[in-house]
Amino acid sequence: MVEAPILEGGERVGLFHYRVSASGWLHFLQQNERRVALLAFWADEAWATALFLCAGEQPLLVSTAIEQGHYQAVSPYFPAAQWGERMARDLWGVEAWSARDDSPALDDGSWFLTTPLATHPLPVADGGGQPLPACRMEPSQTQVPGLLAIDYALSEGVMQQIEVQIAAGHRGVLSRLIGLSPQEALPLISRITASGFVSHPLAFVRALEQAEGRRPNPQERDRRLILLEVERIGAHLFDLRQIAHSVGGGLIASLCDHAREALAALCEEYGLSRRLTDSIVLERASEETGILPFVQALLLMVRPRLMQIKQVMGVLDNRLKNSAIIPTGLAWEYALGGVVGRASGRYVDFRLMDEGMRVQALGGARRHEGDAWARYRQRIVECEESLRIMEQIVASFGQDSGGEVIPRTDEGLGVAEGAYGDVWYHLQLEAGRITKIQIRDPVLPLLAVLGTVLEGQPPEEVEVMLTSLGISPAGAAL
Amino acid sequence: MELAPLTMVLAFLDVQKWRPHAKQRSGRSIRLFTLETGSCEGCARELITLGGSAYPLEASGFERVQHPQDADWLLVTGAVTRSSAGGLASAWEAMPPGRSLIAIGDCAYNGGLWGSNYTTLGGIAALSRVYSTIPGCPPSPEAILHALVELAEGGSSSTVSQESSASRRSRQ
């Protein structure tokens, strides 16, 4: 499905980054519509940038200059770009010609500035907000921990004309990060989303290290790989709990609750924070081996609990089958990652690209059914996979993998395969400060397909659907 | 899928065995309504966890309710975005007399690392002088429960912010 892209006349400006003219941009989009997958689209006042996934899971950044506040929209060719185009319009005021959707994504009329990240934002006298929809499911009415509202029209008991709203959760993350040093930025990035207390800062640190032409020492590299798997287990246990709770599976919810809290207590006992907040650091000079006894204790604690959950999970099968189906084609078209993608037949896992990853531990069962049942099973399988990965890392901790040294370019692109999919950071530095930063959280493409998934479903089914998808809007709302 | 009855029984027994002990306190049950107002969702997740079987929330005299009009205490998480401020005000107005407002986590108290900007107001501290706080980033379910029990007993929680002379500011 992913082939070598056609890129003509581009100027290479970074390791994976090319700049093209407006006509080159349009040509690229037209020529590559079915050849590459779009992972993210970002724009600011100066540049529109699209992140693609090419053959061999190689990333490719293509940028074109914004001309008089406009650029050719990406969404007619890659529908997954819709949310990025809408956000860029809200934050910087740049317009996408021929966009599939130009409604606001973040600015719901409550801000005191319009286009707050533009050079000249406009003050707003009095925010009026958007008109209320026919029906709205407020965030407090869903099991989603963040601010996700669903507007819809109700027709014959089912939802139609669905619009997903995340604007209320926008905290101005990008505006806070620009101008900071990496050291100053890291605590904020570590708190962008609770679904990525490890994966977000790790993707950022990897982008930073690429920009600065540095590599972590093998011990630190392995420590990070371990933390990523610990986070994955905790996140999956939370989602399994939420799914079970939404369909009345109290026993399984309890088992997951207790397992997750035992994991949190173990983290604390071994000197980490309970949910691994601030566990990713910029540089660690000393060799780190304190994590090894932690992993040994974790393996002993988690394995029997997972086994117990597996033994009873079948009681939910009938309730979860055929719920919230995401077909394989849709998963590929929108580059849905993580459990959602892999349960729908899109077997993409960026851990395979991680330096030092014990790839032989990867490759557990993959599913294709794409329903809540498949995602539920996939989460269990991935927890077991995480245990195998950690076991193998411990067996050869700190082994040098001999990666190549890259030159300093002050531009970096980093990825981390978090519990919910691939998290990407693209940043540029100047005099040691962040001048540009863009973030791609895996929930973003999921929001783009959510309306399609919920269309035609009764409102009472929303809870199990949202929990099975693991929707966590904070990483997208930023 | 058929499950062996013994498997289910053992799982039930384990859950019983792990059941935590209630925090003893006197007085009537206090009804809690939780509201997220713009955060990383960490505190909201901890509140969900607190409502699960790993912590004795109900056994300690608290009850989670689905509507603010049924609630005694409003537990707020998040830095209070301008967009969510209306919902916060509506929830507060809908609550019956004797209500209390409690900021869960650093963001809900003063915006945390996000502070205030074009889209956030900077937590409850910027909006009201009548509230209590349970600090942390995020506070653990255990710490939240401990502080809730202390507040219910009318004392000042030991987990409240030291920076604030009145972490438990007051109750209305």
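**View 1. Strand 14 of chain A, a mostly covered strand between two hairpin partners.** A residue counts as buried here if 20 or more other C-beta atoms lie within 10 Å of its own. By that yardstick, strand 14 (residues 421-430) of chain A is mostly covered, with 8 of its 10 residues buried. Keep in mind that this is a predicted model. On one side, strand 14 of chain A pairs antiparallel with strand 13 (residues 411-418) of chain A over 8 bridges. To find your place in that ladder, look for Gly414(A), whose bridge partner in strand 14 of chain A is Tyr425(A). Just 2 residues make up the link in the hairpin from strand 13 of chain A to strand 14 of chain A.

**View 2. The hairpin from strand 14 to strand 15 of chain A.** Here strand 14 of chain A meets strand 15 (residues 433-440) of chain A, again in the antiparallel sense, with 7 bridges between them. Glu430(A) has Arg433(A) of strand 15 of chain A as its bridge partner. There are 2 residues between the strands in this hairpin, and Ala431(A) takes a positive phi near 50°.

**View 3. An open sheet of three strands in chain A, with a helix across it.** Strands 10, 11 and 12 of chain A line up in the order 10-11-12 to make an open sheet of 3 strands with antiparallel pairing. Strand 10 (135-137) and strand 12 (158-165) of chain A sit at the edges, each pairing on one side only. From one strand to the next, the twist averages 30°. Zoom in on strand 10 of chain A and you'll find 3 bridges to strand 11 (residues 149-155) of chain A; Arg136(A) stands opposite Asp151(A) of strand 11. Helix 13 (residues 443-454) of chain A lies across strand 11 and strand 12 of chain A, at about 170° to strand 12.

**View 4. Helix 8 against helix 12 in chain A.** Helix 8 (residues 291-312) and helix 12 (residues 372-395) of chain A pack at about 155°, their axes 10 Å apart. Anything over 145 degrees counts as roughly antiparallel, so that is the label for helix 8 and helix 12 of chain A. The crossing of helix 8 of chain A past helix 12 of chain A is left-handed. Helix 8 of chain A brings residues including Leu292(A), Leu299(A) and Leu306(A) to the contact, and helix 12 of chain A brings others, among them Ile380(A), Leu387(A) and Val394(A). By class, this contact has 11 nonpolar, 1 polar and 4 charged residues.

**View 5. Helix 6 alongside helix 14 in chain A.** The axes of helix 6 (residues 218-246) and helix 14 (residues 462-469) of chain A come within 8 Å and cross at roughly 165°. Helix 6 and helix 14 of chain A are therefore roughly antiparallel, and helix 6 passes helix 14 in a left-handed crossing. From helix 6 of chain A come Asp239(A), Gln242(A), Ile243(A) and Ser246(A), while helix 14 of chain A offers Glu463(A), Val464(A), Thr467(A) and Ser468(A). The tally for this contact is 2 nonpolar, 4 polar and 2 charged residues.

**View 6. Where chain B touches chain A.** In this view, 37 residues of chain B are in contact with 45 residues of chain A. On the chain B side, helix 1 (5-18), strand 1 (30-36), helix 2 (42-50) and helix 3 (82-94) each supply at least two residues. Helix 1 of chain B gives the largest share, with 7 residues. Sorted by class, the chain B side has 18 nonpolar, 14 polar and 5 charged residues.

Methods
Residues are numbered from 1 along each chain as its sequence is written. Chains are lettered from A and ligands numbered from 1 in the order in which they are written. This is a predicted model: local features need pLDDT of at least 70, side-chain atom pairs count only at pLDDT 80 or more; totals for chains, interfaces and linings use all residues. Two strands pair if DSSP finds at least two bridges between them. Helices (H or I, at least four residues) and strands (E, at least two) are DSSP runs, numbered from the N terminus. Axes are lines fitted to C-alpha atoms, for helices over the stretch in contact, and angles run from 0 to 180 degrees between N-to-C directions. Two residues are in contact if their C-beta atoms, placed from the backbone, lie within 7 Å. Ala, Val, Leu, Ile, Met, Phe, Trp, Tyr, Cys and Pro count as nonpolar, Asp, Glu, Lys and Arg as charged, and the others, Gly among them, as polar. Angles under 35 degrees count as roughly parallel, over 145 as roughly antiparallel, 65 to 115 as roughly perpendicular and the rest as oblique. A crossing is left-handed if the near helix is turned anticlockwise from the far one by less than a right angle, and right-handed if clockwise. A residue is buried if 20 or more other C-beta atoms lie within 10 Å of its own, exposed if 12 or fewer, and partly exposed in between; C-beta atoms are placed from the backbone.
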